[in-house]
Amino acid sequence: MAEKPPEDGFLRRDLPFFYRLYRPAEPTGECLFLLHGSGVDETTLVALGQQIAPHAVLVAVRGRIAQEGGFRWFRRISPIRFEQGSIRKEADAFADFITEVAKCHVLDLSRAIFLGYSNGANVVSSVMLLHPRLIARAALLRPMPVLDEVPPADLRKARVAIISGAADLTYGPFALALVGLLSRHGAEVEAHTIVSGHEIGDRDAEIIRQWLAGPATAIAQAN
């Protein structure tokens, strides 16, 4: 097996968002952007990303809002209310980051997948709605809609997987609203509700692997 370059996983500070890059020994040309949940950092989804797409370049990105010793992607008012200006500012900045990091590291954005968990999933869906031609494939774990005002967005070329937890009492009830929102804007949405709370794990990875391997379909199902 070929050795990974020595800088693999090194925290990079050359762009407005700090990030780590992980190159697989046998790359296929895909890249997987990882956007963590609240109060942690960019390293928390790396193992899950490697489980989902072992041959993809991983781009693990850190949110810029400091919180409780960790980070998040935009400012919140309460667990389910968020500062709209912060969402738009950070979504715009992250959209710019996507194109810049792709140029810096020769990543093919046509083969990119965006994996977001909780607050990270919410910024991915916001970028999709505010910059609709940028993200074509997104896997959103335990998400909810966060934009109070949604602009017109053509998402007909986008595929989205949404996984909510049946026991996630705070955020689970909002998943269906996000499914409807993205579907109305043209995205093909595959929605799953699994036996889980807000935590994520092997079942999420299994579903996303199957979704990536399968044809584009718009379905909703319980697991």
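**Entry 1: Ser 164**
I started at Ser 164, which sits in strand β11, residues 159-165. Here helices (H or I, at least four residues) and strands (E, at least two) are DSSP runs, numbered from the N terminus. I'm working with a predicted model, where local features need pLDDT of at least 70 and side-chain atom pairs count only at pLDDT 80 or more, while totals for chains, interfaces and linings use all residues. Residues are numbered from 1 along each chain as its sequence is written, and side-chain values use heavy atoms, with hydrogens and water left out.

Is Ser 164 buried or exposed? Ser 164 is buried, because its relative accessibility is 6% (buried means under 20% relative accessible area, exposed over 50%, partly exposed in between, with a 1.4 Å probe and protein chains only). Setting aside residues up to four places away in sequence, I found Ser 164 touching Arg 142, Ala 175, His 192, Thr 193 and Ile 194; contact means heavy atoms within 4.5 Å.

**Entry 2: Ile 77**
Next I looked up Ile 77, in strand β7, residues 76-78. Ile 77 comes out exposed, at a relative accessible area of 59%. With residues up to four places away in sequence left out, Ile 77 touches Phe 82 and Glu 83.

**Entry 3: helix α2 and Val 101**
I checked the length of helix α2, residues 84-105. At 1.5 Å a residue its 22 residues should span 32 Å, and the end C-alpha atoms are 31 Å apart, so the two agree. (The expected span is 1.5 Å times one less than the number of residues.) The buried residues of α2 include Ile 87, Phe 94, Phe 97, Ile 98 and Val 101.

I stopped at Val 101, which belongs to helix α2. Its relative accessible area is 0%, so Val 101 is buried. What does Val 101 touch, leaving aside its neighbours within four places in sequence? I noted Leu 15, Tyr 19, Phe 33, Val 59 and Leu 107. I also paired Val 101 with Leu 21: they are 80 residues apart in sequence, and their C-alpha atoms are 10.0 Å apart in space.

**Entry 4: two positive phi values**
Most residues other than glycine have a negative phi. So I jotted down Val 106, just after α2, where phi is positive at about 55°. Val 106 is in the loop between α2 and β9 (112-117), and is exposed, with a relative accessible area of 74%.

Ser 118 has a positive phi as well, near 55°. This residue is in the loop between β9 and α3 (119-130). Ser 118 is buried, with a relative accessible area of 11%.

**Entry 5: helix α3**
How many of the twelve residues of α3 are buried? Twelve of the twelve are, so α3 is largely enclosed by the rest of the structure. Among them are Asn 119, Gly 120, Val 123, Met 128 and Leu 130. The span checks out too: 16 Å is expected at 1.5 Å a residue, and the end C-alpha atoms of α3 are 16 Å apart.

**Entry 6: Arg 133 and the pocket**
I moved on to Arg 133, in the loop between α3 and β10 (137-141). Arg 133 is exposed, with a relative accessible area of 80%.

Arg 133 is also one of the residues lining the largest pocket, along with Pro 132, Leu 134, Ile 135, Ala 136, Asp 154, Leu 155, Arg 156, Lys 157 and Ala 158. On a 1 Å grid over the protein atoms alone, a pocket is an open set of points where a 1.4 Å probe fits, with protein on both sides within 12 Å along at least five of seven lines, and lining residues have an atom within 4 Å of a point. I wrote down a volume of about 170 Å³ for the largest pocket.

**Entry 7: cysteines**
How many disulfides are there? The count is zero, with a disulfide taken as a pair of cysteine sulfur atoms within 2.5 Å. The sulfur of Cys 31 is 13 Å from the closest cysteine sulfur, in Cys 104, which is too far for a bond. Cys 31 counts as buried, at 1% relative accessibility, whereas Cys 104 is partly exposed, at 43% relative accessible area.

Conventions: Points joined across faces, edges and corners; volume = space filled by probe spheres on them.
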